[in-house]
Amino acid sequence: MNRQQFEAIMRQNIVGAAQALNYSGVSFADFENSRSNPQYWTMTDQGGFRIRKEVTPAEGIRDIFRNGRMYAFECATAMVIVLYKAVLDSIGDQQFNRLFANILLYDWHYDEDLRLIQVHGSHRATPGDILYFINPDVSPETPEWKGENTIKLNDTMYYGHGMGILPAEEIIASLNRHRRPGSNRSAYLTENIVFPDFAYLSQFAPASNRIPPEWHAVLQAMEAGHGIFPSPHDTTAPAVTARVGRRRYIQ
């Protein structure tokens, strides 16, 4: 598979969306103090954003990046916003608006068509993956520092909403400044990796970027194996393998 394969394109779009959100002017806020542009979103009682009926989901997502100073939300919502923007950039307005017609932005709530997958093994993370830094001894006075959802941008840098673009060491140091008194247990990167179901989403992309339907079952089986793939030296394995990121695709 060449470099224009859908997963590679969408991973690039995830990284690009994370960088764009970082420079958009959006602010960090807890749910009680969340805010959005009322021309595009209505606020729920819980602090979420629901798209208004008179605008399209694509318009609403783009407005966050265009008028960021009108928005404030917490870090889990930021991760979902980045993923929605990457999907929009990967499949286009028409398909995005059809799939996510009643979009709600709130914490880790997301439309079923986003189909997030969780696996373990953060040492194998690839740019575009969502990773979590946990602060196990967070101070009860600053519960918002209990952890940081981040998007891996490259081998050394991560985007975390409210923190910005930083290396892992600085994210950990920031969390450690908000531990309970007397604690010597450091924050750390957990093993969890979250990413969208690229094979499923690819069917809505322009034809040139789609993963062939006959590959979907193979990709899903490999994801279920949490990264354990046939060795290329195994004579029982299929004849042709190709690697994109940390996954090997089989033909």
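In which helix does lysine 85 lie? In this predicted model, lysine 85 belongs to helix H3. Its relative accessibility is 15%, and because buried means under 20%, lysine 85 counts as buried. Leaving aside residues up to four places away in sequence, lysine 85 touches Ala17, Ile61 and Phe65. Ile61 and Phe65 are among the H2 residues that take part in the contact with H3.

The packing of these two helices was examined next. Two packed helices are described by the angle between their axes and the distance between the axes. The axes of helix H2 (residues 57-66) and helix H3 (residues 75-91) come within 10 Å and cross at roughly 120°. H2 is therefore oblique to H3, and the crossing of H2 past H3 is left-handed. On the H2 side the contact is formed by Ala58, Ile61, Arg62, Ile64 and Phe65, which meet Ile81, Tyr84, Lys85 and Leu88 of H3. The residues of this contact comprise seven nonpolar and two charged ones, with no polar residue.

The model also contains an open sheet of six strands, arranged in the order E6-E11-E7-E8-E9-E10 with antiparallel pairing. E6 and strand E10 (164-167) occupy the edges; each has a single partner strand, so one side of each is left without a neighbour in the sheet. On average, and with direction ignored, neighbouring strands of this sheet are turned by 35° against each other. Strands of a sheet pair through backbone hydrogen bonds, either parallel or antiparallel. Within the sheet, strand E7 (residues 130-134) pairs with strand E11 (residues 188-196) in the antiparallel sense over four bridges. Isoleucine 130 stands opposite valine 194 in E11. Helix H5 (residues 168-176) lies across E7, strand E8 (147-152), strand E9 (157-160), E10 and E11. The direction of H5 is at about 105° to E10.

Two residues with positive phi were found in the loop between E5 and E6. Aspartate 107 lies in this loop, which connects strand E5 (104-105) and strand E6 (116-120). The phi of aspartate 107 is near 55°, a positive value in a residue other than glycine. Arginine 115 is likewise placed in the loop between E5 and E6 and has a positive phi of about 50°, although arginine 115 is not a glycine. With a relative accessible area of 26%, aspartate 107 is partly exposed; arginine 115, at 36% relative accessibility, also counts as partly exposed.

Key
Residues numbered from 1 in each chain as written. Predicted model: local features only at pLDDT ≥ 70, side-chain atom pairs only at ≥ 80, totals over all residues. Heavy atoms only, no water. Buried < 20%, exposed > 50% of the residue type's maximum accessible area, 1.4 Å probe, protein only. Axes fitted to C-alpha atoms, helices over the stretch in contact; angles between N-to-C directions. Parallel < 35°, antiparallel > 145°, perpendicular 65-115°, else oblique. Left-handed = near helix turned anticlockwise from the far one by under 90°. Contact = heavy atoms within 4.5 Å. Nonpolar A, V, L, I, M, F, W, Y, C, P; charged D, E, K, R; others polar. Pairing = 2+ DSSP bridges.
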